[in-house]
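This report deals with helix packing and charged side-chain pairs. The sequence and the model are shown first, and the description follows.

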Amino acid sequence: MDDLEYNAKLDELDHLLNDLDVPMEPARVWQLLADVSRHDLPAPQECQEVR
């Protein structure tokens, strides 16, 4: 996920949590939280065969 997509997800999350006119969507909030939490994680390493 690039920085533009990351920032868009943060903006959507902020909107869902802080705008009183927007109905709460718990599943969407959890999905956004899961997505943005992976942003700063290192890329997974390729599995190497042990000999």
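In which hand does H1 pass H2? The crossing of H1 past H2 is left-handed. The model is a predicted one, and the values below are computed from it.

**Helix packing**

Two packed helices are described by the angle between their axes and the distance between the axes. For H1 and H2, the axes come within 10 Å and cross at roughly 150°. An angle over 145 degrees counts as roughly antiparallel, and H1 and H2 are therefore roughly antiparallel to each other.

On the H1 side, the contact is made by Tyr-6, Lys-9, Leu-10, Glu-12, Leu-13, Leu-16 and Leu-17. These residues meet Arg-28, Val-29, Leu-32, Leu-33, Asp-35 and Val-36 of H2. Sorted by class, the contact of H1 with H2 has nine nonpolar residues, four charged residues and no polar ones.

Ser-37 also lies in helix H2. With a relative accessibility of 46%, Ser-37 counts as partly exposed. The C-alpha atom of Ser-37 is separated by 9.8 Å from that of Tyr-6, and the two residues are 31 residues apart along the chain.

**Salt bridges**

How many salt bridges does the structure hold? There are three salt bridges, listed here with the N to O distance of each pair.

| Residue pair | N to O distance |
|---|---|
| Lys-9 and Asp-35 | 2.8 Å |
| Arg-28 and Glu-12 | 2.9 Å |
| Asp-35 and Arg-38 | 2.8 Å |

The salt bridge between Lys-9 and Asp-35 joins the two helices. Lys-9 lies in helix H1 (residues 3-18) and Asp-35 in helix H2 (residues 26-37), so this pair ties together parts that are 26 residues apart in sequence.

Arg-28 and Glu-12 form another salt bridge. This pair also links distant parts of the chain, with Arg-28 in helix H2 and Glu-12 in helix H1, 16 residues apart. Arg-28 has a relative accessible area of 29% and is partly exposed. Glu-12 is likewise partly exposed, at 29% relative accessibility.

In the remaining pair, the side chain of Asp-35 meets that of Arg-38. Lys-9, Asp-35 and Arg-38 are thus named together as a network of linked salt bridges. Arg-38 is partly exposed, with a relative accessibility of 48%.

**Surroundings of Lys-9 and Asp-35**

Are Lys-9 and Asp-35 buried or exposed? Both residues are buried. The cut-off for buried is under 20% relative accessible area. Lys-9 has a relative accessible area of 13% and is therefore buried. Asp-35, at 9% relative accessibility, counts as buried too.

Which residues does Lys-9 touch, not counting residues up to four places away in sequence? Lys-9 touches Met-1, Leu-32, Asp-35 and Val-36. For Asp-35, leaving aside neighbours within four places in sequence, the contacts are Met-1 and Lys-9. Met-1 is therefore named in the contacts of Lys-9 and in those of Asp-35.

Terms used
Residues numbered from 1 in each chain as written. Predicted model: local features only at pLDDT ≥ 70, side-chain atom pairs only at ≥ 80, totals over all residues. Heavy atoms only, no water. Salt bridge = Lys/Arg side-chain N within 4 Å of Asp/Glu carboxyl O. Helix = DSSP H or I, 4+ residues; strand = E, 2+ residues; numbered from the N terminus. Buried < 20%, exposed > 50% of the residue type's maximum accessible area, 1.4 Å probe, protein only. Axes fitted to C-alpha atoms, helices over the stretch in contact; angles between N-to-C directions. Parallel < 35°, antiparallel > 145°, perpendicular 65-115°, else oblique. Left-handed = near helix turned anticlockwise from the far one by under 90°. Contact = heavy atoms within 4.5 Å. Nonpolar A, V, L, I, M, F, W, Y, C, P; charged D, E, K, R; others polar.
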